[in-house]
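Here is my note on the structure you sent, set out as numbered points. Please read each point with the sequence and the 3D view side by side.

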Amino acid sequence: MAPVAEMDKMMSSMSPEEQKKGMKEWTDWQAANKESIVEFGTPLGKNKRVTAKGVSDVRNEIGGYSIVQANSHEEAAELMRSNPHLKIPGGYIEVLAVVDMPGI
């Protein structure tokens, strides 16, 4: 997650060299945590909001996702403390637990 304005600013102002450096930080983080990463994920693009009244274009702070496996919710959160996403001004990570659905 990151403020929309910060993401726009970053995406429009990064040089190719800065983009390459940023991607290396991500691949280094991935390599260092490969035992916990179930799915590295991807950046996310345009958003649609679907309600009972219809579909609309929206923007939110979600920039991407990854799926990790940990022994606890706290352990998963601790794993994220070194994530390069946190270098984005105002950037943050929400760690959600996957909950088992009874009967499924």
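1. I would begin with one pair of charged residues: the side chains of Asp-57 and Lys-48 come together in a salt bridge, with a nitrogen-to-oxygen distance of 2.6 Å. Please keep in mind, here and in every point below, that this is a predicted model. As for their surroundings, Asp-57 and Lys-48 are both exposed.

2. A second pair sits within one helix, since Glu-25 and Lys-21 both belong to helix 2, which covers residues 16-32, and they are four residues apart, or about one turn of the helix. Their side chains form a salt bridge in which N and O are 3.4 Å apart. The two partners have their own accessibility classes: Lys-21 counts as exposed because its relative accessibility is 56%, while Glu-25, at 22%, counts as partly exposed. The cut-offs explain this, because a residue is called exposed over 50% and buried under 20%, with partly exposed in between.

3. A third salt bridge to look up is the one between Arg-81 and Glu-78, whose closest N and O atoms lie 3.2 Å apart. Arg-81 has a relative accessibility of 63%, and it therefore counts as exposed. Which residues are joined into one network by salt bridges that share partners? They are Lys-21, Glu-25 and Lys-87, so the pair from helix 2 should be viewed together with Lys-87. The count of salt bridges comes to six.

4. Turning to charge over the whole protein chain, there are 12 positive and 15 negative side chains, and the centres of these two sets are 7 Å apart.

5. Phe-40 deserves a careful look, and its place is in strand 1. Is Phe-40 partly exposed or buried? At 24% relative accessibility it counts as partly exposed, because only values under 20% are called buried. Leaving aside residues up to four places away in sequence, Phe-40 touches Trp-26, Trp-29, Gln-30, Tyr-65 and Ser-66. With one of these, Trp-26, the separation is 14 residues along the sequence and 9.8 Å in space, taken from C-alpha to C-alpha.

6. Strand 1, which runs over residues 37-43, also holds Val-38. Val-38 counts as exposed because its relative accessibility is 54%. Together with Leu-44, Ile-62, Tyr-65 and Ile-67, Val-38 makes a nonpolar surface patch of about 410 Å². Tyr-65 thus appears twice in this note, as a member of that patch and as one of the residues that Phe-40 touches.

7. For the overall fold, the protein chain has three helices and four strands, and their order along the sequence follows the pattern α-α-β-β-β-β-α. The C-alpha atoms fill a box of roughly 50 × 45 × 20 Å along the principal axes. Among contacts with a separation of 6 or more, 57% join residues that are 24 or more positions apart.

8. Finally, on burial and surface, what percentage of the 104 residues in the protein chain is buried? Buried residues make up 14% of them. The protein chain exposes about 8,300 Å², and carbon and sulfur atoms supply 56% of that area.

Key:
Residues are numbered from 1 along each chain as its sequence is written. This is a predicted model: local features need pLDDT of at least 70, side-chain atom pairs count only at pLDDT 80 or more; totals for chains, interfaces and linings use all residues. Side-chain values use heavy atoms; hydrogens and water are left out. Patches are made of residues with over 30% relative accessible area and no salt bridge: like charges are joined within 9 Å, nonpolar side chains (Val, Leu, Ile, Met, Phe, Trp, Tyr) within 5 Å. Accessible areas come from the Shrake-Rupley method with a 1.4 Å probe; for residues, only the protein chains shown count as cover. A salt bridge is a side-chain nitrogen of Lys or Arg within 4 Å of a carboxyl oxygen of Asp or Glu. Helices (H or I, at least four residues) and strands (E, at least two) are DSSP runs, numbered from the N terminus. Buried means under 20% relative accessible area, exposed over 50%, partly exposed in between (1.4 Å probe, protein chains only). Contact means heavy atoms within 4.5 Å. Lys and Arg count as positive and Asp and Glu as negative; His and the chain ends are not counted. The place of a charge is taken as NZ of Lys, CZ of Arg, CG of Asp or CD of Glu.
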